[in-house]
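Visitor: I'd like to learn how to read a protein model. Could you walk me through one?

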Amino acid sequence: MGDTVEASWFAEKIADRSIRGIALETSALIRAGTLPVGTRMPAIRDIAYELRVSPATISQAWSELRRQKIISGRGRNGTWVSGDRFVARPERLASSGNYAAGVLDLTLAGPDAALLPRLSEAMAYGASAADLNSYERSRIVPELKEAVSERWPYEAEAFLATNGGYNAVYTVLHALVSPGSSVAIEHPTAMRLLDILEDLGVKIIPVACDSDGPLPDSLREALQQRPAAFLFQPRLHSVTGITVSASRLDQLGDVLEDSDTLVIEDDGVGDVSAAPPHSLGSRFAERTIHILSLSKSLGPDLRLAVLSSSAPIVDQIQSYRSFSAGWTSRILQGAAAWLLRDPATWRLIGEARAIYQQRRDALADALGERGIAIPAGQGLCLWVPVVSEPFAMVTLAARNIAVNPGSKFSVLPSNHIRVATSTLVDRCEEAADAIALAHAP
């Protein structure tokens with residue numbers, strides 16, 4: 001640990017004594033090397049005294065620098081400079097590796113490219129979309145709106161096309177949720193959702209789940225902290241493979257009835273699920289944001305999702321989008337609309353759904369035969385309990401099998417591994433044998 005700077009010396013360097021000013025000017029001192037990496041910062045109360053501001057002001061400025069990984073530590077252990085550059089990165093996703101030939105990579109729960117529709121005809125059609133190459137910031141092309149509306153789970157007031165499902169979640173949260181707020185979310189959940197929330201700097205409130213979805217009592221407890229939003233996956237949970245039952249959805253609605261919490265529904269797996277889409281939008285139309293990703297069913301290179309909400313909320317989301325792309329490619333929207341109207345697309349989606357289910361069930365059954373019970377479910381992966389996550393990861397790595405540790409999908413302790421099954425074609429028994437060895441020391 002480096003030297004500790006004096007609060008009086010530090011205060012002389014800070015001209016702007018607002019929260020934002022203190023954070024910006026402190027980061028500038030760090031980047032310039034005036035506060036080298038390893039320097040121990042003065043106590044918050046001492047800095048506050050010298051700057052003639054409240055300790056809460058310093059705490060909030062420090063929270064921003066901590067979010068940027070520029071400073072570390074808190075409380076009695078002190079705070080020190082831990083970095084001189086802010087590089088935003090999704091920590092959970094970025095820690096995934098690239099594996100050498102021969103490694104059985106079961107980390108990516110994405111679609112099998114062989115089970116996706118061909119895009120050539122659809123893209124050719126999309127290139128003839130109306131208003132092509134216009135700078136008008138259109139929200140969704142009419143034919144895509146018409147195509148998705150036929151199967152939308154409620155009568156939505158407004159729609160918006162976005163550049164993929166996670167782009168939709170990222171945009172919604174940044175447009176509607178302030179840093180420092182709280183967000184309730186299922187435990188476990190998709191690691192990229194946690195990356196987005198952690199980057200935004202919100203407090204994450206985990207909501208426990210069972211085989212029917214989020215537990216009403218756990219959500220009720222979370223709402224005591226007045227979260228800005230409740231984010232969950234009602235149709236098919238991308239990690240555990242469960243679907244929120246109709247009765248559980250009603251119960252969650254009862255819990256949310258007297259709150260003003262935003263309801264963000266992430267249908268990230270989409271029509272890979274055999275379950276029909278459902279939503280709390282019919283109950284809370286004014287504050288529900290329902291997101292459907294088309295990546296798993298039509299192809300990730302379409303980079304396309306559609307969201308719905310009330311007109312004022314969609315206006316607010318679109319206003320935030322105007323800082324960047326402003327609209328989603330009309331070519332891609334037209335191509336997606338073409339695919340959604342093509343009966344051959346739906347036949348292929350049905351076939352893919354059955355194959356994914358077979359692959360998931362095959363590994364689940366093989367693990368069951370080896371004494372590891374996996375709950376019934378759907379989707380592209382298994383959530384496998386283990387006695388020790390580190391032991392499981394090392395054991396599988398020694399056998400050239402890569403999976404994701406469960407800790408990537410949770411802010412709470414969780415001895416699990418997440419095993420992708422979507423492309424597990426011919427090495428199921430090998431994977432099951434290895435997972436059985438990794439299950440318990």
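Guide: Let's start with a term: buried means under 20% relative accessible area, exposed over 50%, and partly exposed in between, using a 1.4 Å probe and protein chains only. Helices (H or I, at least four residues) and strands (E, at least two) are DSSP runs, numbered from the N terminus. Keep in mind that this is a predicted model, where local features need pLDDT of at least 70, side-chain atom pairs count only at pLDDT 80 or more, and totals for chains, interfaces and linings use all residues. Residues are numbered from 1 along each chain as its sequence is written, and side-chain values use heavy atoms, with hydrogens and water left out.

Visitor: How many residues of strand 15 are buried?

Guide: Four of the five, so strand 15 is largely enclosed by the rest of the structure.

Visitor: Which strands sit in a sheet with strand 15?

Guide: First the rule: two strands pair if DSSP finds at least two bridges between them. Here, an open sheet of three strands has the order 12-15-14, and the pairing is antiparallel. Strand 12 (381-385) and strand 14 (404-405) are at the edges with a single partner strand each, so one side of each lacks a neighbour in the sheet.

Visitor: How many bridges join strand 12 to strand 15?

Guide: Five, and the two strands run antiparallel; strand 15 covers residues 416-420. You can trace the pairing yourself: Leu-382 has Val-419 as its bridge partner, while Pro-385 has His-416. On the other side, two bridges join strand 14 to strand 15, again antiparallel. There, Pro-405 is partnered by Ile-417.

Visitor: Which strands does helix 15 lie across?

Guide: For this you need two ideas. Contact means heavy atoms within 4.5 Å. Axes are lines fitted to C-alpha atoms, for helices over the stretch in contact, and angles run from 0 to 180 degrees between N-to-C directions. In this model, helix 15 (residues 343-369) lies across strand 12 and strand 15, running at about 20 degrees to strand 12. Helix 16 (residues 389-398) also packs on the sheet: it touches strand 14 and strand 15, and its direction makes about 40 degrees with that of strand 15.

Visitor: At what angle do helix 15 and helix 17 cross?

Guide: At roughly 45 degrees, and their axes come within 9 Å; helix 17 is residues 428-439. Angles under 35 degrees count as roughly parallel, over 145 as roughly antiparallel, 65 to 115 as roughly perpendicular and the rest as oblique. That is why helix 15 is called oblique to helix 17.

Visitor: Is the crossing of helix 15 and helix 17 left-handed or right-handed?

Guide: A crossing is left-handed if the near helix is turned anticlockwise from the far one by less than a right angle, and right-handed if clockwise. This one is right-handed. Ala-362, Leu-363, Ala-366 and Leu-367 of helix 15 meet Cys-428, Glu-429, Ala-431, Ala-432 and Ile-435 of helix 17. To sort them, count Ala, Val, Leu, Ile, Met, Phe, Trp, Tyr, Cys and Pro as nonpolar, Asp, Glu, Lys and Arg as charged, and the others, Gly among them, as polar. That gives eight nonpolar, no polar and one charged residues.

Visitor: How far apart are the axes of helix 7 and helix 14?

Guide: They are 8 Å apart, and helix 7 (residues 142-149) packs against helix 14 (residues 330-341) at about 35 degrees. The crossing is left-handed. Helix 7 contributes Glu-143, Leu-144, Ala-147 and Val-148, and helix 14 contributes residues including Gln-333, Gly-334 and Arg-341. By class, this contact has six nonpolar, two polar and two charged residues.

Visitor: What is the strand order in the sheet of eight strands?

Guide: The order is 4-11-10-9-8-5-6-7, in an open sheet with mixed pairing. Strand 4 (158-162) and strand 7 (213-214) are the edge strands, each pairing on one side only. Strand 4 and strand 11 (residues 305-309) pair in the antiparallel sense over five bridges, and Thr-162 has Ala-305 as its bridge partner.

Visitor: What about backbone oddities?

Guide: Most residues other than glycine have a negative phi, and most peptide bonds are trans. Here, a cis peptide bond joins His-187 and Pro-188, with omega about 0 degrees. Pro-188 is in the loop between strand 5 (182-187) and helix 9 (191-200). Arg-52 is not a glycine but has a positive phi of about 60 degrees, and Arg-52 counts as exposed at 62% relative accessibility.
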